[in-house]
Amino acid sequence: MICDRRSPVKLLKEMKMKHVTLILGVIALTCFGLIVHKLNLDIEASKQVITMRDAEIYSLREKLNRVQYTTPQSDIPQIFVITPTYTRPVQRAELVRLLNVFRQVPNLHWIIVEDSSNKTKLVTSILQDFHQNSTHLNVLTPDHMKIQPKETWWKKPRGVYQRNLALSWLRENTDGTKGVFYFADDDNTYTVDLFEEIRPTKQVSILPVGLVGGVLAEKPQIKDGRVVGFEVGWGADRKFATDMAGFAVNLDYFKDHKEVQFPLKVRIGWLESDFLSGLIEVEDLEPVSMGRILVWHTRTEKPNLNREDYFQRKFGRPSNHGLEL
């Protein structure tokens with residue numbers, strides 16, 4: 001056995017020093033813990049303050065948008081944008097994309113027309129987020145005019161009843177209003193600049209459209225500042241070889257042509273041409289934005305939902321249960 005030769009007094013002092021050191025260590029750790037806890041509380045409090053301030057800033061921005069875009073601006077013509085739409089998985093996503101552009105354009109009145117027997121909550125909620133003037137309409141396309149499951153998408157004209165309802169609304173509800181209307185389908189991509197280009201339209205303006213008709217761009221053919229034809233990859237024999245997104249119409253000029261609307265029976269791809277033929281001659285079109293493309297016929301890809309049935313069998317509910325898709 002090895003004996004500790006240190007004196008009892010010295011051992012006692014060393015033991016006391018160890019205890020003191022241990023106690024001081026515990027105190028230090030406790031203080032450090034309290035400091036960290038206090039810092040965490042301060043950080044959380046700061047985060048809450050920042051969150052509240054962000055919410056206030058967002059609220060003020062929303063109020064500013066309402067004031068900026070809902071206050072009538074009589075010095076510039078109003079733009080009526082007509083959007084036919086129908087229920088499908090990508091509908092909200094496509095309408096939100098349009099919403100984010102349209103809310104940046106002053107004096108824009110958005111007319112959404114649903115292909116439905118009733119107005120849906122989805123479209124209603126979209127328009128609640130749009131702080132300018134809007135109109136929500138609906139009309140159901142008859143079954144015999146709808147694309148059947150085995151028919152190609154271009155087999156029958158789409159949105160005819162919806163566009164005609166919007167045109168009737170314009171005739172009946174815009175007395176004394178100076179403006180322009182434009183057809184903005186919900187599967188296209190639009191720039192803010194587009195609407196400033198078409199706003200001065202006196203009769204019918206015409207513009208290039210990207211990614212349409214099997215080519216990178218369709219556009220009017222111009223000579224000496226006037227339209228003399230159209231550069232397209234398909235349907236060159238049409239009198240007006242343009243896409244629905246390729247023209248805008250002055251409201252007063254349109255109302256002077258009381259019988260003009262979209263035909264219910266039309267050759268494939270001739271819907272726009274037949275409509276414009278009742279309004280104007282090619283040489284009287286007003287070319288705008290000839291140096292750049294401001295609208296693209298993009299079309300959202302149909303989503304792959306091949307696992308949705310499996311999901312519903314496994315969980316007993318749709319994958320978007322409780323969510324606004």
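In this predicted model, Leu-279 touches Val-204, Val-249, Tyr-253, Phe-254, His-257 and Val-260, leaving aside residues up to four places away in sequence. Leu-279 also ranks, with Phe-181 and Phe-275, among the residues that have the most contacts inside the largest nonpolar core. That core has 35 residues. Its main contributor is helix 4 (residues 160-173), which gives 5 residues. Another core lies apart from it. This second core has 30 residues, including Ile-79, Trp-110, Leu-194 and Phe-195.

Glu-259 was examined in relation to Leu-279. The two are 20 residues apart in sequence, and their C-alpha atoms are 9.7 Å apart in space. Glu-259 is placed in the loop between helix 6 (251-255) and helix 7. Its relative accessibility is 73%, so Glu-259 counts as exposed.

Aromatic pairing was considered next. A pair of aromatic rings is described by the distance of the centres and the angle of the planes. The count comes to 15 aromatic pairs. One of them joins Phe-181 and Phe-183: the ring centres are 5.6 Å apart and the planes stand at 75°, so this pair is edge-to-face. Phe-181 and Phe-183 are both buried. Phe-183 also forms an aromatic pair with Phe-275. This pair is edge-to-face, with 6.1 Å from centre to centre and 80° between the planes. Phe-183 belongs to strand 4 (residues 179-183) and Phe-275 to helix 7 (residues 271-277), so the pair ties together parts that are 92 residues apart in sequence. Phe-275, like Phe-183, is buried.

A cluster of aromatic residues is formed by Phe-102, Trp-110, Phe-130, Tyr-182, Tyr-190 and Phe-195. Of these, Trp-110 and Phe-195 are also among the residues of the 30-residue core.

Charged groups sit over aromatic rings as well. The charged end of Arg-88 lies over the ring of Tyr-86, at 4.2 Å from the ring centre. The charged end of Arg-307 lies over the ring of Tyr-310, at 4.4 Å from the ring centre.

Strands of a sheet pair through backbone hydrogen bonds, either parallel or antiparallel. An open sheet of 7 strands shows mixed pairing, in the order 3-2-1-4-10-6-11. Its edges are strand 3 (134-138) and strand 11 (286-287). Each edge strand has a single partner strand, so one side of each is left without a neighbour in the sheet. Strand 1 (residues 78-85) runs parallel to strand 4, and 5 bridges join the two. Ile-79 has Val-180 of strand 4 as its bridge partner. Ile-79 is also one of the residues of the 30-residue core.

Helix 4 lies across strand 1, strand 2 (108-114), strand 3 and strand 4. Helix 4 runs at about 135° to strand 2. This is the helix that gives the most to the largest nonpolar core.

A hairpin is formed by strand 7 and strand 8, with 2 residues between the strands. Strand 7 (residues 209-212) and strand 8 (residues 215-223) run antiparallel and are joined by 3 bridges. Gly-210 has Ala-217 of strand 8 as its bridge partner. In this hairpin, Gly-213 takes a positive phi near 65°.

Note on methods
Residues are numbered from 1 along each chain as its sequence is written. This is a predicted model: local features need pLDDT of at least 70, side-chain atom pairs count only at pLDDT 80 or more; totals for chains, interfaces and linings use all residues. Side-chain values use heavy atoms; hydrogens and water are left out. Rings of Phe, Tyr and Trp (its six-membered ring) pair if their centres lie within 6.5 Å; planes under 30 degrees apart count as stacked, over 60 as edge-to-face and the rest as tilted. Buried means under 20% relative accessible area, exposed over 50%, partly exposed in between (1.4 Å probe, protein chains only). Helices (H or I, at least four residues) and strands (E, at least two) are DSSP runs, numbered from the N terminus. A charge sits over a ring if NZ of Lys or CZ of Arg is within 6 Å of the ring centre and within 35 degrees of the ring normal. A nonpolar core is a set of buried Ala, Val, Leu, Ile, Met, Phe, Trp, Tyr and Cys residues joined through side-chain atoms within 4.5 Å. Contact means heavy atoms within 4.5 Å. Two strands pair if DSSP finds at least two bridges between them. Axes are lines fitted to C-alpha atoms, for helices over the stretch in contact, and angles run from 0 to 180 degrees between N-to-C directions.
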